[in-house]
Amino acid sequence: MSNHPVTYQLEKKEKHTGARLGTITTPHGTFETPMFMPVGTLATVKTIAPEELEEMGAGIILSNTYHLWLRPGADIVEEAGGLHKFMNWDKGILTDSGGFQVFSLSDLRDIKEEGVHFRSHLDGSKLFLSPEKAINVQNQLGPDIMMSFDECPPYDESYDYVKKSVERTSRWAERGLEAHKNPDTQGLFGIVQGAGFEDLRRQSAKDLTSMDFAGYSIGGLSVGEPKSEMYRVLDFTTPLLPENKPRYLMGVGTPDALIEGVMRGVDMFDCVLPTRIARNGTTMTSQGRLVVKNAAYARDYRPLDEKCDCYTCRNYSRAYLRHLIKSNETFGLRLTSYHNLYFLLNLMKDVRQAIREDNLLEFKERFFEEYGYNKP
Ligand SMILES: Nc1cc(N)c2c(=O)[nH][nH]c(=O)c2c1
Ligand SMILES: [Zn+2]
């Protein structure tokens with residue numbers, strides 16, 4: 001089916017890199033790319049209200065199928081009118097397939113052709129996810145963009161294991177397309193796997209692009225491999241994906257990896273990092289990482305980031321943030337989370353401008369220098 005509910009429009013290619021400017025149109029709006037998607041695992045971006053996400057420029061957020069399937073259950077979300085209504089968010093929502101959590105959260109699992117048998121990380125109860133079940137749960141949750149059920153093998157797995165896994169993930173992708181009940185209102189992405197093996201990445205991309213997905217994710221990266229490995233795999237994988245569909249690199253969210261991914265033609269990113277590190281007082285600033293709970297900031301009355309105009313930086317000092325975080329005050333988590341999300345969303349806005357001006361390389365050099373990435 002070629003008239004997908006989620007479409008990509010290429011606006012401009014950056015002159016000196018593989019970066020591209022575009023827009024993604026979904027049933028819940030059109031958004032500029034490259035873009036970063038805040039993660040709202042359990043139908044909330046922890047401590048941040050939907051109105052705040054909107055004011056900081058978030059277009060699409062991600063929620064986790066596995067977690068919502070377990071709590072509160074897909075039936076309740078469906079009865080509530082779907083995720084948008086349930087969480088009072090009327091822009092884009094993307095859900096992952098649940099596969100990644102099965103492989104990352106549950107050590108007791110048994111992978112079969114029909115699907116994966118595993119135990120709940122909550123109460124140890126027996127569970128089973130198949131490509132069909134993963135799609136049907138996402139159909140119930142009602143996101144704009146859904147993911148195929150895939151296996152994300154450990155990066156250092158053997159070639160033979162990854163080869164068999166890629167072939168099965170391709171068969172699972174076909175079954176997911178068949179099981180998709182709402183192809184007119186929910187876009188379905190295929191996920192390219194293959195770890196660090198170029199021939200397996202090519203095979204996975206060939207299999208998946210022969211099927212009519214609305215977009216393509218690059219999976220199996222940002223799973224602990226060196227960043228140089230991620231960039232090497234991206235160098236030969238993104239060019240295998242169609243130019244006229246979105247390309248989504250899963251699980252990536254540090255400033256350097258976002259810029260490097262954009263330079264290699266990636267349009268969409270997600271990561272829990274900004275909100276996760278914020279909760280222990282680690283923030284991203286224009287001058288690099290700043291761990292505001294450190295004693296050094298006890299009497300530092302400057303804003304977190306003197307170049308940031310977010311609510312946190314306009315109204316509160318490092319000393320106050322340190323006090324809140326050290327006192328386990330929830331408001332402190334909100335303020336650091338707000339700033340970190342704002343920082344990454346703003347970074348992507350600056351990256352889009354650099355693509356418009358064909359000076360992404362200069363932008364990257366300047367940003368890396370200021371952030372401290374070039375320090376030995
Ligand atoms: N780093 C990653 C984060 C993710 N959420 C996923 C995923 O959901 N599916 N498949 C993947 O390979 C994957 C990798
Ligand atoms: Zn700020």
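Mentor: Let's start with a word we'll need: buried means under 20% relative accessible area, exposed means over 50%, and partly exposed lies in between (1.4 Å probe, protein chains only). This is a predicted model, where local features need pLDDT of at least 70 and side-chain atom pairs count only at pLDDT 80 or more, while totals for chains, interfaces and linings use all residues. Residues are numbered from 1 along each chain as its sequence is written, chains are lettered from A and ligands numbered from 1 in the order in which they are written, and side-chain values use heavy atoms, leaving out hydrogens and water.

Trainee: Is Cys 308 buried or exposed?

Mentor: Look at its relative accessible area, which is 14%. The cut-off for buried is under 20%, so Cys 308 is buried.

Trainee: Which residues coordinate the zinc ion (ligand 2)?

Mentor: Donors are N, O and S atoms within 2.8 Å of the metal (3.2 Å for Na, K and Ca); water is not among the atoms, so sites may look incomplete. Here the distances are 2.1 to 2.3 Å. The residues are Cys 308 (SG), Cys 310 (SG), Cys 313 (SG) and His 339 (ND1).

Trainee: What spacing do those zinc ion (ligand 2) donors follow along the chain?

Mentor: Read along the chain from cysteine to histidine. The spacing is C-x1-C-x2-C-x25-H.

Trainee: And is Cys 310 buried or exposed?

Mentor: Use the cut-off from the start again. Cys 310 has 0% relative accessibility, so Cys 310 counts as buried.
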